[in-house]
Amino acid sequence: MKVLLLNGSPRKEGCTYTALSEVALALQAEGIETEIFQAGNPEMENVKAAAEKLKEADALVVGSPVYWASPSGQIIEFMDKFCSAAGKDMLHKPAAAVASARRAGTTATLDVLLKYFTYHEMPVVASNYWTMVHGNTPEEVRQDKEGLQIMRVLGKNMAWLLKCIEAGKKAGVELPEQEEKIKTNFI
Ligand SMILES: Cc1cc2nc3c(=O)[nH]c(=O)nc-3n(C[C@H](O)[C@H](O)[C@H](O)COP(=O)(O)O)c2cc1C
């Protein structure tokens, strides 16, 4: 089993990466493969590369720094394109969002990111608090012991859900039948 983690910061190994690394370590401890993909560049070529990786992945984690109390502009552009490129491969895969902030805007950021998942029928994985870390530098994030615990618990919970899904498949539980999409435009 594999989990794809998208780092929505233009800083490759900054705070968001530090938080995602803690989630990845917890997943690896449960025998699950992980890959952190640099999604801070929303150019289509990069989005397509991530979309290819999602085909082989069983779950998705999207991390973003908080910019002006919202996700980074980069991850919003990335996810808008990613949903067009990879929407079919998102369906029914467990997903989680992670926000990294110096201080404020985390829950608003999480709300925006979760909407990409819930549109695509993805079970949202939670932790023992809303999935955020605090810090302006990776060193500060590493001092946020509660934040790191939240990331670890998130990784463990995701591993548990992935194993439940795997066991369900072996027991013959099938994905729900997909209905033809009805689109009613009130114009
Ligand atoms: C353009 C910009 C806007 C920011 N806005 C906020 C904000 O609204 N609230 C906050 O707490 N931190 C804000 N920050 C700080 C970052 O969210 C914080 O340092 C984050 O942990 C950086 O993650 P990264 O190292 O992965 O990029 C902002 C940083 C930048 C560059």
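Select strand 3 in this predicted model: this strand gives the most to the shell around the ligand, with three residues. Strand 3 covers residues 59-67.

Next, add helix 1 (15-29) and strand 5 (95-101) to the selection. Like strand 3, each of these elements supplies at least two residues of the shell around the ligand.

Now display the residues around the ligand, of which there are 18. Which of them come nearest to the ligand? They are S9, G14, C15, T16 and P65; label these five before moving on. Colouring the shell by residue character gives three groups: eight residues are nonpolar, seven are polar and three are charged.

Leave the ligand and show the whole protein as a cartoon. The secondary structure consists of six helices and six strands. Tracing the chain along the sequence, one passes through the elements in the pattern β-α-β-α-β-β-α-β-α-β-α-α. The pattern thus opens with a strand and ends with two helices in succession.

Switch to the C-alpha trace and turn the protein along its principal axes, where the trace spans about 45 × 45 × 30 Å. The radius of gyration is 16 Å, which agrees with the value near 16 Å for a compact globule of 187 residues.

Finally, colour the protein by burial. Of its 187 residues, 41% count as buried. How do the contacts of the protein divide by separation in sequence? Among contacts between residues at least 6 apart in sequence, 79% join residues at least 24 apart.

Methods
Residues are numbered from 1 along each chain as its sequence is written. This is a predicted model: local features need pLDDT of at least 70, side-chain atom pairs count only at pLDDT 80 or more; totals for chains, interfaces and linings use all residues. Helices (H or I, at least four residues) and strands (E, at least two) are DSSP runs, numbered from the N terminus. The radius of gyration is taken over C-alpha atoms; the globule rule is 2.2 Å times the number of residues to the power 0.38. A residue is buried if 20 or more other C-beta atoms lie within 10 Å of its own, exposed if 12 or fewer, and partly exposed in between; C-beta atoms are placed from the backbone. Two residues are in contact if their C-beta atoms, placed from the backbone, lie within 7 Å. A residue is near a molecule or strand if its C-beta atom, placed from the backbone, lies within 6 Å of it. Ala, Val, Leu, Ile, Met, Phe, Trp, Tyr, Cys and Pro count as nonpolar, Asp, Glu, Lys and Arg as charged, and the others, Gly among them, as polar.
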